[in-house]
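Trainee: I would like to go through the terms used for this structure and hear the grounds for each.
Mentor: Then ask about them in turn.

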Amino acid sequence: MDILKKLTDIPMEDYLVGGHVACQGCSASLGLRLALKVLGKDTIVINGSGCMTLLPVYPNTPLKVPWIHLAIENTGAAGTALYYALRRKNIKANILGYAGDGATYDIGIQSLSGAAEKNIDMIYICYNNQSFGNTGHQRASSTPRASYTTTTPFGKVETAKDMPSIMAAHRIPYIATACPSFPIDFLNKVEKAAEVAGMAFIDLLVPCPVGWGFDPADGIDIGRLAVRTGMWKLYEIVDGRLNLTYIPEKRRKVSEYLRAQARFSHLSDEDIEKIQAEVDCEWEELEERGYGYELGIFVNKRHPNM
Amino acid sequence: MRQMITGNGAAAWGARLSRAEIIPNFPITPQTAIIEEIASWIAEGEMNADFLPMESEHSVMSALAAASSAGTRVFSATSSQGLMLMTEMMFITSGLRLPVMLVNVSRGLSAPITLWSDHNDALVQRDSGWLQIFCSNNQEALDSVVMGYRIAEDNDVLLPMMINLDGFTLSTTREPVEIPDQSEIDDFLPAYDPEHTILDPKEPMSVGCVVFDEYMYFRSQQRMAMQNSKGLIKDVCSEWEKMTGRGYGLVEPYFTEDAERVLVICGSESAILKYTIDKLRKDGERVGMLRLRAIRPFPCEEIIDALSDVEEIGVIDQDVSPGSGGIIATEVKACLGGRNVTSFIAGLGGRRIGVEKYEKIFRRLGRDVEEWIF
């Protein structure tokens, strides 16, 4: 594995090229473009219905690698079948599942769980814009508490699911969170995901200018703020151990992140203080644990090729 | 090799002889014995395939589509509620023009819960763009699966194929079945070698794209494929007949040439109807039967040909579309434009029809109404 250290280490070759119809400032298409740079031409993408489904529009496609989209809830099931079919056909390729958070946390969790239980050798990246983005920003189980969506006009009441922990409970060998605003961190995780024998899951936070309400030019900054305020933690779970891969030296105030987005514009200063207190509390606990701790999970060392 | 096997066993033999490679599956009564049989063959090394236990029937159909897109020959079986859960993926599979094979062991739909045979499950999928064949006995189940791959995988067709066999009456009933030699089938059915869709980095393509105005064009291609399948089904059936001596077609006429009264039916209930016809003919009654073997493509020309000189026509539906009537009757009436057709709803949820009821039905033709035979 080549460890990437600086931006110029990222391969120049693109397998998702320009001219597609994703929104201005879309981090989800950026995430796919970056991931494919590392995974290379011998990769087959399985997409679950969502924003990225609009990349190939007949008769054009911006993808230079094979791509299949079936429906929203079956990226895991398709990955399972494709793994066995490619093995029969003697085709060596990375299988990349690229599905949104609604397609992963909600409607697709059953088939994802099935693929994880079988420990299928695939990389599953959930591009997480914290809502059903393609249909216009509706609430999902990945939507953070207090966020406005078109179906939670007064802010979401419930707390988001902890999907990486759910995946960890499936005992798959590699799990990570990431954000395209930290491309080196993200791509090193993609490399590890490709290298590991068995299933790898990456929860990729992709700030969405349309749904979240910010200027398309600010997407990278919003992602940086999500991480630097401590509201989106970058970590990986390997061999049952969770390790933070980025620790903000001095955490920025959550208000900087929240006030920059229309979806949180209804929050009062008091509301934001409460959120700050919760984030502080989590990080104090992490500090005590030392930014890395055992989850007490025995990882599945078997996968279908063994 | 002649063996006493169930309809489920016959369907499993069809998959084995066809050298199906990927078998995603999910258990449901009365289909389960098909996948159990295949599981044991794979475990014992008698069948070279990957057995993928999935987490739902939706995942089964998704896996069939994905594995077929990668160029492997695929097989699965389901029933009733399982087929309903597959519905979304049924349309996607046919739209992607993937020659997926599915055996549906038909069973009535909940609620209330029934385990017994009924055709509503299959007929819910009649608009899904799948080829659909209804079997009347276990031998036909085996033969139809093997022939089905030839039809589905043909470049002029490329549509998924559903083989229907009736739950319990066929699925768990043993009949003598001739199991062809593997070498014979290998000659008849070459390995699947797709030219249209393949997921291979050497030949990158995007599958399952968004379209705009072209949508209607793609749908019309499915219609053309269905039209092409009619001739091909006949050709493949006659080739099969030359090889095995067992002939099939889009329909099976039984004493229709000189009949005054004919009942149209599909599935295994046709066996007792034939017995009834033999009995009535001994008494001099000119009665006959037309069994529809293909429901998609719908054999309209064959129905018109067979029934043009018949005075009184009845259709037996083991299904119902509440608010409209018998589904097959509606389609038969559409073919026969204005002819007097009596529609009988019978045998729902496996309710026994039997000789006496068939005799009653023959007496009640010619009224152009819908009647429920309890």
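Trainee: What makes β2(A) and strand β9 (residues 206-207) of chain B a pair?
Mentor: This is a predicted model, and in it 2 bridges join β2(A) to β9(B). Two strands pair if at least two bridges are found between them, so this case qualifies. The two strands run parallel, and W67(A) stands opposite S206(B) in β9(B).

Trainee: How many residues are in contact between chain A and chain B?
Mentor: On chain A there are 37, and they meet 34 residues of chain B. Contact here requires C-beta atoms within 7 Å. On the chain A side, the elements that give two or more residues are β1 (43-47), β2 (67-69), α2 (75-89) and α4 (109-117). The largest share comes from α2(A), with 10 residues. By class, that side of chain A has 21 nonpolar, 10 polar and 6 charged residues.

Trainee: How do α2(A) and α4(A) lie against each other?
Mentor: Their axes come within 6 Å and cross at roughly 35°. In α2(A), the residues T75(A), G76(A), A77(A), G79(A) and T80(A) meet S111(A), L112(A), G114(A) and A115(A) of α4(A).

Trainee: What classes of residue make the contact of α2(A) with α4(A)?
Mentor: There are 3 nonpolar, 6 polar and no charged residues. Gly counts as polar in this scheme, and G76(A), G79(A) and G114(A) are among the residues that meet.

Trainee: Why are α11(B) and α12(B) called roughly perpendicular?
Mentor: The axes of α11 (residues 300-307) and α12 (residues 327-336) of chain B cross at roughly 70°. Angles from 65 to 115 degrees count as roughly perpendicular, and α11(B) and α12(B) are therefore given that name. Their axes come within 9 Å.

Trainee: Which residues make that contact, and of what class are they?
Mentor: From α11(B) come C300(B), I303(B), I304(B) and L307(B), and from α12(B) come V332(B), C335(B) and L336(B). The contact has 7 nonpolar, no polar and no charged residues. Cys counts as nonpolar, and C300(B) and C335(B) are among the residues in this contact.

Trainee: What makes β10(B) and β16(B) edge strands?
Mentor: Each of them pairs on one side only. They belong to an open sheet of 6 strands in chain B, with the order β10-β12-β11-β14-β15-β16 and mixed pairing. β10 covers residues 251-254 and β16 covers 370-373. The twist averages 20° from one strand to the next. α11(B) packs on this sheet, touching β10, β11 (261-265), β12 (287-292) and β14 (312-317) of chain B, and its direction makes about 10° with that of β10(B). Angles under 35 degrees count as roughly parallel, so α11(B) is roughly parallel to β10(B).

Trainee: How many bridges join β15(B) to β16(B)?
Mentor: 4 bridges join β15 (residues 341-346) of chain B to β16(B), and the two run parallel. I345(B) stands opposite W372(B) in β16(B).

Trainee: In the sheet of 5 strands in chain B, what is the strand order?
Mentor: The order is β4-β5-β7-β6-β13, in an open sheet with mixed pairing. β4 (75-78) and β13 (294-296) of chain B are its edge strands, as each pairs on one side only. Neighbouring strands are turned by 20° against each other on average, direction ignored. β4(B) pairs with β5 (residues 101-106) of chain B in the parallel sense over 4 bridges, and S76(B) stands opposite L102(B).

Trainee: At what angle does α7(B) run to β7(B)?
Mentor: At about 170°. Angles over 145 degrees count as roughly antiparallel, so α7(B) is roughly antiparallel to β7(B). The helix, residues 138-152, lies across β5, β6 (131-134) and β7 (161-166) of chain B.

Trainee: Why is chain A called as compact as a globular protein of its length?
Mentor: Chain A comes to 10 helices and 9 strands. Its radius of gyration is 19 Å, close to the 19 Å that the globule rule gives for 306 residues, so the description holds.

Trainee: What does the globule rule give for chain B?
Mentor: Chain B has 13 helices and 16 strands. For its 374 residues the rule gives 21 Å, and the radius of gyration of 20 Å is close to that, so chain B is as compact as a globular protein of that length.

Trainee: What is the mean pLDDT of chain B?
Mentor: It is 97, and 100% of the residues of chain B reach 70 or more. The model scores ipTM 0.97 and pTM 0.97.

Terms used
Residues are numbered from 1 along each chain as its sequence is written. Chains are lettered from A and ligands numbered from 1 in the order in which they are written. This is a predicted model: local features need pLDDT of at least 70, side-chain atom pairs count only at pLDDT 80 or more; totals for chains, interfaces and linings use all residues. Two residues are in contact if their C-beta atoms, placed from the backbone, lie within 7 Å. Axes are lines fitted to C-alpha atoms, for helices over the stretch in contact, and angles run from 0 to 180 degrees between N-to-C directions. pLDDT is the predictor's confidence in each residue, from 0 to 100. The radius of gyration is taken over C-alpha atoms; the globule rule is 2.2 Å times the number of residues to the power 0.38.
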